[in-house]
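Subject: Handover of a structure and its findings

Dear colleague,

Please find below the structure that I am handing over to you. The findings follow it, arranged by topic.

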Amino acid sequence: MNTIINLDARLTGLTEFNSIMKKIERISAKSLSIFIIDNEHSIEVYSKNTNVKIVPGSVVKLLTLFLVFDLNISLREIVRVKENNLIVGSGYNLQGNDLITINDLLKNMIFKSSNTSAEVLKEVIEEKTKIPYEEHAKKIINKLGMTLTNIVNSHGLYERKQYTTVDDLLKLVINMLENKKIETFLFYSHQSIIIQRNKNYINIDFDSNEKIFIKTGTLFPNVFNSVQIIKIRNNYLIACLGYSQNDHSRSIDQEMINDLIGVI
């Protein structure tokens, strides 16, 4: 079922409304939720199949980010990467015995999608609280009303019991943006990630954007999800996309979301 709530021809004008619809109807994602929020209001632009369960992939890392800030873990703390933390896949740029700050682990996890960084952060959370990561995740999921989400690891690699929906991802993102420290982290112009390896310092460059944040979740053969946040002054356009047709289609879907700024 497709819905458009509070954004019709009376609010936008018929021409703008038709332009919005033409762009949205070309999005390939099987499930999607597009919202505009500010400090006082939220407007649903478009939604489709929002409660269809999706395999989240690396968008799980957003929950790990939320947990680090929710637990007030110091971002300046330096931790050592252990051999058992190393996980192949996206962002495979750390080695055993590397020294790195929590802040740079978060940057590596979110902007480079490092599975190893997510695993290190999971271990930090568990060591500081003496509570398993899964219990923390379950508590936050319940607190945010994410009724169709189950998270069992910190990085998003496939596990049978791990799932979410675009509706639940939207709830997570809205709560992230309400935390000004997280909002600042997502839209800050970060410097490079610094790793101390033996006696050398290694800089890892990456791209961040003061206006657009995108976190993708990819698990072949058919998982191409994304969470996209576009900052427009004090407003945000949020798009949670589940199961775009393929990696190329997901990029096109994201560009269509960016284009909506011109007509909303």
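I begin with one residue, P56, whose place is in the loop between β3 (42-48) and α3. Please bear in mind throughout that this is a predicted model. P56 has a relative accessible area of 1%; residues under 20% count as buried, and P56 is therefore buried. Beyond its neighbours within four places in sequence, P56 is in contact with Q162, Y163, T164, G217 and N225. V120, by contrast, is 64 residues from P56 along the chain, and the C-alpha atoms of the two are separated by 20 Å.

The chain as a whole

The protein chain has nine helices and ten strands. Its C-alpha trace spans about 65 × 35 × 35 Å along the principal axes. What radius of gyration would a compact globule of 264 residues have? The expected value is near 18 Å, and the protein chain has 19 Å, which agrees.

Of the 264 residues, 53% are buried. The accessible surface of the protein chain comes to about 13000 Å², and carbon and sulfur atoms account for 48% of that surface. If one takes the contacts between residues at least 6 apart in sequence, 63% of them join residues at least 24 apart.

The nonpolar cores

The largest nonpolar core has 60 residues. Within this core, the residues with the most contacts are L65, I102, L106, I110, L186, I229 and I238. Apart from that core lies another, of 19 residues, among them I27, L32, L241 and L260. To return to I102: leaving aside neighbours within four places in sequence, I102 is in contact with V68, I73, S74, L75, E77, V79, L121 and V124.

Two helices

Helix α6 comprises residues 133-143, and its buried residues are Y133, H136, A137, I140 and I141. Why do these residues lie on the same side of α6? They cover an arc of only 135° around the axis, which puts them on the same side of the helix. The general background is that an α-helix has 3.6 residues a turn, so residues three or four places apart point the same way. The face of α6 turned away from the buried side carries the exposed residues K138, K139, N142 and K143. The cover over the buried residues of α6 includes α3 and α5 (115-129). After α6 comes G145, whose phi is positive, near 75°.

Helix α7 has 13 residues, 166-178. At 1.5 Å a residue, α7 should span 18 Å; the end C-alpha atoms are 18 Å apart, which agrees. In α7, the residues V166, D168, L169, L170, L172, V173, M176 and L177 are buried. The elements that cover these buried residues include the helices α3 (61-70) and α8 (180-187), together with the strands β2 (31-37), β9 (223-232) and β10 (235-242).

Points in the loops

Most residues other than glycine have a negative phi, and most peptide bonds are trans. The residues below are listed with that background in mind.

- N49 lies in the loop between β3 and α3. Its phi is near 50°, a positive value in a residue other than glycine. At 33% relative accessibility, N49 counts as partly exposed.
- S113 is found in the loop between α4 (102-111) and α5. Phi of S113 is also positive, near 55°, and this residue is likewise not glycine. At 11% relative accessibility, S113 counts as buried.
- P221 lies in the loop between β8 (212-219) and β9. The peptide bond that leads from F220 to P221 is cis, with omega near 15°.

One further loop residue is E40, between β2 and β3. Is E40 buried or exposed? Its relative accessibility is 69%; the cut-off for an exposed residue is over 50%, and E40 therefore counts as exposed. E40 and N235 are 195 residues apart in sequence, and their C-alpha atoms are 10.0 Å apart in space.

With kind regards,

A colleague

Conventions: Residues numbered from 1 in each chain as written. Predicted model: local features only at pLDDT ≥ 70, side-chain atom pairs only at ≥ 80, totals over all residues. Heavy atoms only, no water. Helix = DSSP H or I, 4+ residues; strand = E, 2+ residues; numbered from the N terminus. Expected span 1.5 Å × (residues − 1). Buried < 20%, exposed > 50% of the residue type's maximum accessible area, 1.4 Å probe, protein only. Contact = heavy atoms within 4.5 Å. Arc of directions from axis to C-beta. Rg over C-alpha atoms; globule rule 2.2 N^0.38 Å. Areas by Shrake-Rupley, 256 points an atom, 1.4 Å probe, with all protein chains shown as cover. Core = buried A, V, L, I, M, F, W, Y, C linked by side-chain atoms within 4.5 Å.
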